[in-house]
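I opened the file to work through the fold, the strand pairing, the core and the ligand surroundings, in that order. My entries follow.

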Amino acid sequence: MKLFKHRRLYDKDSLSIDEIGNKPMKFFIKWFKEADKFDKIIEANAMTVSTVDKNDFPSSRVVLLKEIKDRSLIFFTNYKSKKGEAIKDNPNICASFYWPALERQVIFKGIAKKCSSNYSDAYFRSRPFNSQVAAIISNQSQIISSYNELLRRYNEFLKENKNSELKRPVHWGGIEILIDEIEFWQGRENRLHNRVICSLIKNKWVTKILSP
Ligand SMILES: Cc1cc2nc3c(=O)[nH]c(=O)nc-3n(C[C@H](O)[C@H](O)[C@H](O)COP(=O)(O)O)c2cc1C
């Protein structure tokens, strides 16, 4: 199947380096809020996270962004999953957002580290009971014999732990991405897109324009 004719024009907006100034995280929050309130964007906080495993092989998957801090992004996962194991061996990480309705992409590069137990406990407690159970009973990224087996584990756990306060499994929690680089992309006419790259050098954001 050829997709040569799949082609869109990008003309919704423009981006100048001056809008970002030396505050790229503040600018990201501005773009994030715009994406979040846009009714055509269903989960603005869905981001693609890429890791590199111990054999230098990359892999990507979507996770949900749960907090934006001054210099970091946080998501939650199972530390024994494929991504969790990759991060243990190589903390270099990339996270990216694509918001098609706004013709915008943002790419972060940084270093991943586990969040504190207190922080992960607080988020775990905030999750609905059923989501807590799923985090407990799922050995994320492990092969299972059947989907029914997963359901059986889930229902058995529910039966045995009805109305009890659940404890966060130690292998499940937050990953904080400490950001070193952010690239903003805004689609433009004639494929002459706007790209601005912001690098943290000696604790200061240095901002440059990239050719599309
Ligand atoms: C919209 C969406 C949101 C997701 N959110 C998360 C998440 O927040 N945390 C997570 O571990 N997996 C999440 N997943 C599942 C991951 O994409 C992935 O399947 C899982 O984390 C296992 O990845 P791994 O085997 O590469 O470690 C989400 C998937 C989708 C499509």
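**Entry 1: overall.** I noted at the start that this is a predicted model. I looked up how much of the chain is buried: 22% of its 212 residues count as such. I then took the extent of the C-alpha trace, which spans about 60 × 50 × 40 Å along its principal axes.

**Entry 2: secondary structure.** I found 6 helices and 8 strands in the chain. I wrote down their order along the sequence as α-α-β-β-β-α-β-β-α-α-α-β-β-β. I also checked contacts with a separation of 6 or more, and 61% of them are between residues 24 or more positions apart.

**Entry 3: β1 to β3.** I followed the pairing from β1 onwards. Strand β1, residues 46-52, runs antiparallel to β2, residues 58-68, and 7 bridges join the two. I picked out one partner pair here, Thr 51 in β1 with Ser 59 in β2. The two strands make a hairpin with 5 residues between them. In that turn I noted Asp 56, whose phi is positive at about 65°.

I went on to β3, residues 72-78, which is antiparallel to β2 and joined to it by 3 bridges. Leu 65 has Phe 75 of β3 as its bridge partner. This connection is a hairpin too, through 3 residues.

**Entry 4: the core.** Which residues have the most contacts inside the largest nonpolar core? I listed Ala 95, Val 106, Phe 108, Ile 177, Ile 182 and Phe 184, in a core of 28 residues. The elements that each supply at least two residues to this core include α2 (24-37), α3 (82-89), β4 (92-99), β5 (104-114) and β7 (194-201). The largest share, 6 residues, comes from β6. I added a general remark: in soluble globular proteins, nonpolar side chains tend to be buried together.

I then took Phe 108 by itself. Leaving out residues up to four places away in sequence, Phe 108 touches Leu 73, Cys 94, Ala 95, Ser 96, Ile 177, Ile 179 and Ile 182.

**Entry 5: the ligand.** How many residues are around the ligand, and which come nearest? I found 15, with Thr 77, Ser 81, Lys 82, Lys 83 and Ser 141 nearest. By type, the shell divides into 6 nonpolar, 5 polar and 4 charged residues. I looked up which elements supply at least two residues each, and these are β2, β3 and α3. β2 gives the most to the shell, with 5 residues.

How values were computed. Residues are numbered from 1 along each chain as its sequence is written. This is a predicted model: local features need pLDDT of at least 70, side-chain atom pairs count only at pLDDT 80 or more; totals for chains, interfaces and linings use all residues. Helices (H or I, at least four residues) and strands (E, at least two) are DSSP runs, numbered from the N terminus. A residue is buried if 20 or more other C-beta atoms lie within 10 Å of its own, exposed if 12 or fewer, and partly exposed in between; C-beta atoms are placed from the backbone. Two residues are in contact if their C-beta atoms, placed from the backbone, lie within 7 Å. Two strands pair if DSSP finds at least two bridges between them. A nonpolar core is a set of buried Ala, Val, Leu, Ile, Met, Phe, Trp, Tyr and Cys residues joined through C-beta atoms within 7 Å. A residue is near a molecule or strand if its C-beta atom, placed from the backbone, lies within 6 Å of it. Ala, Val, Leu, Ile, Met, Phe, Trp, Tyr, Cys and Pro count as nonpolar, Asp, Glu, Lys and Arg as charged, and the others, Gly among them, as polar.
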